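Trainee: Could you take me through the reading of helix packing and burial, feature by feature, with the general idea ahead of the particular case?

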Amino acid sequence: MEILTQVLGWIGTFLVLLAYFLVSNKKLSPTSAVYQLMNLVGVIGVGANVFYQHAWPALALQTIWGLIAVAALVKNR
């Protein structure tokens with residue numbers, strides 16, 4: 001299980017950073033569904049890892065970040 005959560009964490013981290021990079025370089029709009037989905041999938045991956053590691057403050061951050069992404073997707077729909 002540890003290997004799976006590590007892989008999910010790394011994939012999630014990559015997606016969140018890639019999304020930030022693309023928005024920062026004006027390749028994606030911060031209101032686009034692609035950006036919000038990259039964030040949402042990314043925080044699920046990171047969230048799985050930090051949950052497994054019992055890193056509760058980081059899990060709270062991932063949960064809130066994910067809720068923001070869901071709210072933006074719903075709002076922009």
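The dialogue that follows concerns a predicted model.

Trainee: Where should a description of helix packing begin, and at what angle do H1 and H2 pack?

Mentor: Two packed helices are described by the angle between their axes and by the distance between those axes. In this predicted model, helix H1, residues 2–24, packs against helix H2, residues 33–52, at an angle of about 150°, and their axes are 7 Å apart. Because angles over 145 degrees count as roughly antiparallel, that makes H1 roughly antiparallel to H2. As for handedness, the crossing in which H1 passes H2 is left-handed.

Trainee: How many nonpolar, polar and charged residues are there in the contact of H1 with H2?

Mentor: The residues of that contact divide into 15 nonpolar, 9 polar and 1 charged.

Trainee: Which polar residues could I look at on the two helices, and are they buried or exposed?

Mentor: Take Thr-5, which lies in helix H1, and Asn-49, which lies in helix H2. Thr-5 has a relative accessibility of 5% and therefore counts as buried, and Asn-49, at 14%, counts as buried as well. Leaving out residues up to four places away in sequence, Thr-5 touches Ala-48, Asn-49 and Tyr-52, while Asn-49, with the same exclusion, touches Thr-5, Gln-6 and Gly-9.

Trainee: And which residues make up the largest nonpolar core?

Mentor: The general idea is that, in soluble globular proteins, nonpolar side chains tend to be buried together. Here the largest nonpolar core has 6 residues in all, namely Leu-15, Ala-19, Val-23, Leu-28, Tyr-35 and Met-38. H1 and H2 are the elements that give two or more residues to this core, and the largest share, 3 residues, comes from H1.

Trainee: How would I follow a single member of that core, say Met-38, and what does Met-38 contact?

Mentor: Start with the position of Met-38, which lies in helix H2, and then turn to its accessibility: at 12%, Met-38 counts as buried, the cut-off for that class being under 20% relative accessible area. Once neighbours within four places in sequence are set aside, Met-38 is in contact with Leu-15, Leu-18, Ala-19, Leu-22 and Leu-28. From the other side, and with the corresponding neighbours set aside, Leu-15 is in contact with Met-38, Val-41 and Gly-42. Met-38 and Leu-15 are 23 residues apart in sequence, whereas their C-alpha atoms are 5.7 Å apart in space.

Trainee: How do H2 and H3 pack, in terms of angle and distance between their axes?

Mentor: Apply the reading used before: H2 and helix H3, residues 56–76, pack at an angle of about 160° with their axes 9 Å apart, which makes H2 roughly antiparallel to H3. The crossing of H2 and H3 is left-handed. Among the residues that make the contact are Leu-37, Leu-40, Val-43 and Phe-51 of H2, together with Trp-56, Leu-59, Trp-65 and Leu-73 of H3. By class, the contact of H2 with H3 has 15 nonpolar and 5 polar residues, and no charged ones.

Trainee: What of the loop between H2 and H3, and how exposed is Gln-53?

Mentor: Gln-53 lies in that loop, and with a relative accessible area of 39% this residue is partly exposed. Sequence separation should be read beside spatial distance here too: Gln-53 and Leu-40 are 13 residues apart in sequence and 20 Å apart in space, C-alpha to C-alpha.

Note on methods
Residues numbered from 1 in each chain as written. Predicted model: local features only at pLDDT ≥ 70, side-chain atom pairs only at ≥ 80, totals over all residues. Heavy atoms only, no water. Axes fitted to C-alpha atoms, helices over the stretch in contact; angles between N-to-C directions. Helix = DSSP H or I, 4+ residues; strand = E, 2+ residues; numbered from the N terminus. Parallel < 35°, antiparallel > 145°, perpendicular 65-115°, else oblique. Left-handed = near helix turned anticlockwise from the far one by under 90°. Nonpolar A, V, L, I, M, F, W, Y, C, P; charged D, E, K, R; others polar. Core = buried A, V, L, I, M, F, W, Y, C linked by side-chain atoms within 4.5 Å. Buried < 20%, exposed > 50% of the residue type's maximum accessible area, 1.4 Å probe, protein only. Contact = heavy atoms within 4.5 Å.
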